[in-house]
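Please open the model in your viewer and keep the selection panel at hand, as the tour moves step by step from a whole chain to smaller parts.

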Amino acid sequence: MATKTAETLERPTASKKQDPTEKLGRSMLRARLVEDKLASLYRAGRIVGGVYLGRGQEAFSAAGGLNLRKGDVYAPLIRDMAGRLAFGEPVLDAVRTYLGSRLGPMRGRDGNIHRGDVKLGILPMISHLGAMISAAAGALLAKRMRGERQRVGLACAGDGATSTGSFHEGLNLAAVEKLPLVVLVADNGYAYSTPNARQFACTDLLERARGYGVEGHGLDATDPEACLEVVGRAVQRAREGAGPQLVVGRLLRLCGHGEHDDALYVDAQVKGSNRGRDCLQVMEELMNKRGRGKEWKEWREEARAEVEAAVTQVSKEPVPDPFEEQWRATVTPGAVEEVAEE
Amino acid sequence: MSVTYLEAIRAAQEKALSDDPNVFLYGQDIGRFGGAFKATKNLSEKFPGRVIDSPISEDAMVGLAVGAALEGMKPVVEMQFADFSTVGLNQMLNHAATTYWRTGKPCPMVLRLPSGGTPGSGPFHSQSMETIYSHYPGLVVMTPATVEDAYSMLLEAIGMQDPVVFCEHKLLYYHLKAGALPGEALPAFRARIARPGRDVTCVAYSAMVHEALAAAEELVEEGYEVEVVDLRTVKPLDTDTLLGSVARTGRLLVVGESWPWGGASAEVVARVAAEGFELLDAPPKRLNAKDTPIPYHPNLWAAHRPTAVRIAAGLREVLRY
C-alpha cells in the first residue's frame, strides 16, 4: 500500500468487480475524507480560494456519478465531490485545483469547484446557477445528432438553483427535445443562508416535474440505499428514452455554504430531524448491521491513504507562473487584442 | 442576377450545412417558418434535423450551443433580434467566452444577431450589441457591411474555433445587393478601405459604412477626398490599417450606430490617439447615436442615429480644424 503513488491510486475502484453498495460506500468515504482534508488545509491557510463541501450530500451525489457510464455527460455542481469521484474524476484533479498546482485540469486559471474535464465527460461549471443544465442538454443533442445511442446526461442543482431562469429554460428545453437528461436537485434546505420558505412557495420541488412534462422522483436523500435505487431508476428511465427526469433529494447541508461560513442560521430542529441525518453514518450503520463493518473500515483506510498520497504528491508540484502563462482566451491567430504596453 | 445581404447570409448557412456535417442551426421559428427575417428559408427541408426550432429561451439556446460545441459540433444560433441576446448574455459572456481559456477546449459556435435600427422598430428591436460583446475576452465580434462580407465572413465565423458574435444589420437585409456571391475574401480581421481619399479618414462599420460613403460623396463637391475605412470586424480591431489610413490623411472621424459611452468608436479613437498621436493634424472625433433608448417614430429615429448628413457635418468640423 505504502509504495503506491497517487497516480495508481486515483481510480482504486476501476479494476475490481464491486457491488453497488461498495461502489457507493467507497465514493462516499473518498469524498468525505478528501473534503475533511481540504477543510483542514483551508484552516491552515494552504488552500487557494474558497472551500465548499458536500458534507451530508455524499450518498445522493455519488448515486448520480456511479450510475453514469463512459460516454455520458456529467455536469456536477459545488457539492458533488462524491459524484465526481464515483464517475471517475481522479482525486488528484480535486487536490491539484485546491492546492493551486499548475498540473491540475484548470492550470490555475479557474479553481476548485469549477474544475472539469471535457474529455472525461465532466463539464466545468460556471458559478451562475442553472447554467449547466442547458449545456448538458446541448451535449446530449450533439450526441443524438451524431447517432450515439443510450447516452445519458446528469446535471446537478440545489434548491437555490431552481429559482433561476436558467434552470427553467434548461429543463423546459430538454423536455421539449425529449433529451435523456437527469436533473438531480439536492434540496439541502438552504441556499447559502436562505431557507426553503424564502426560495419557493410550492410544498415540494417535485411538484414542478409535472409542469415541465417530465418524470419526477422524490426521496429521502439521507438514505444511501434509497439514493442508489431512486437515482438509478431515473438514470435508467432516461437511458430507455423516457425523456428528462427530475430527481429531488431531501437532505440537509451539514456544513456552512463554504468553510468561511459558520452556518449558525441552520434551524436546530431541522438538524435534529431525520433530514439532518448524516448519510455517511447511516451507511456505516447499515454496513455494520449487514456484517460488513470490517470492509467499511478497510475502504476508509484505503481512502485515507489515497488522500494523503495525493496531498503529499501535489504539495511538491509547481504553481502557475505568470511569465510562462499563455495570455490568450481565443484559438484563432490574431484574435487576441494586443494593447501596446510600455 | 443579384444577391441581397440576407440571401448571402442564407447562402452561407446553406453552404456551411452542406460542407460540414457538424454544423447545425438553432433558433426561434427558424425551421419550417424560415425565421423572422427568412434567413433560414427552405433550409430545414434541405437539411432535415439540422435546422431546429427552439423555445423562447435565449439563455438556454446559448447554453445548448456551448454544450454542443464542446461535443465537437458547430452550432449557429439565431437570435430573433440582437436585443434579445441580453437574455442569453450570461451564457455567451461567462460560459462560451471563458471555456477555451479555462479548459483548453475550444468552443466553436456562432451567435447571429439581427442588429441595428430600422424605422419604426423602437427601443427593443433596434440595438447594436457589439460593444458589450467586444468588452469580454474570448469572443470574436464581426460587423459585416457588404453582401460579400455577409457571405464570406459568416462562413469564416462558422469555420473558426472561437465563439463568434455575428452582427448582421437588418437595414441592409433586403435592400443591399451585389451582382453575385464572392469567390474570395479579405483575410480574417482585416479592415477594408471602402473608398480611398487623402484628406480625412472616416472609420465606420456595419450599416454606417453606407452612411459614411454617402457623406464622402457629398463632400466631393466641396473639394474633399474622404477615405472611408470599413472595420468589418470590431474585435479584434485592425489597428494597422487604421493607423495606415490616418498616416495618409492626418484626420479622423469614427462613426458608430451604438451609444456614445465607450464602444468600438471610442476604442478606435483611443488606439489612434495612443499609437498614432503624431500622425494627427486635428483632434479625432466620434459620432454615435444619442444617449437615449432608440426611438420608435421614424422622425425621431432618423435624428437619433448618425446619418450621412450628420457624418458630413462631422467631417467638415474635423477638416476645418
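Begin by selecting chain B as a whole: for its 321 residues a compact globule would have a radius of gyration near 20 Å, and the 19 Å found for chain B agrees with that. Bear in mind throughout that this is a predicted model. Turned along its principal axes, chain B has C-alpha atoms that fill a box of roughly 60 × 40 × 40 Å, and 58% of its residues count as buried. If you colour chain B by secondary structure, 11 helices and 14 strands appear. Among its contacts between residues at least 6 apart in sequence, 79% join residues at least 24 apart.

Next, select the seven strands of chain B that form an open sheet of mixed pairing, which run in the order β3-β2-β4-β5-β7-β6-β12. At its edges are β3 (51-53) and β12 (233-235) of chain B, each of which pairs on one side only, and neighbouring strands of this sheet are turned against each other by 20° on average, direction ignored.

Within that sheet, pick out β6 (residues 140-142) and β7 (residues 163-169) of chain B, which pair in the parallel sense over three bridges; here V140(B) stands opposite V164(B) in β7(B).

Finally, show both chains and select the interface, where 36 residues of chain A are in contact with 37 residues of chain B. On the chain A side, the elements that give two or more residues are α6 (131-145) and α7 (165-176) of chain A, and α6(A) provides the largest share, 11 residues. Coloured by residue type, this side of chain A divides into 20 nonpolar, 11 polar and five charged residues.

How values were computed: Residues numbered from 1 in each chain as written. Chains lettered and ligands numbered in written order. Predicted model: local features only at pLDDT ≥ 70, side-chain atom pairs only at ≥ 80, totals over all residues. Contact = placed C-beta atoms within 7 Å. Helix = DSSP H or I, 4+ residues; strand = E, 2+ residues; numbered from the N terminus. Nonpolar A, V, L, I, M, F, W, Y, C, P; charged D, E, K, R; others polar. Rg over C-alpha atoms; globule rule 2.2 N^0.38 Å. Buried ≥ 20, exposed ≤ 12 C-beta atoms within 10 Å, placed from the backbone. Pairing = 2+ DSSP bridges. Axes fitted to C-alpha atoms, helices over the stretch in contact; angles between N-to-C directions.
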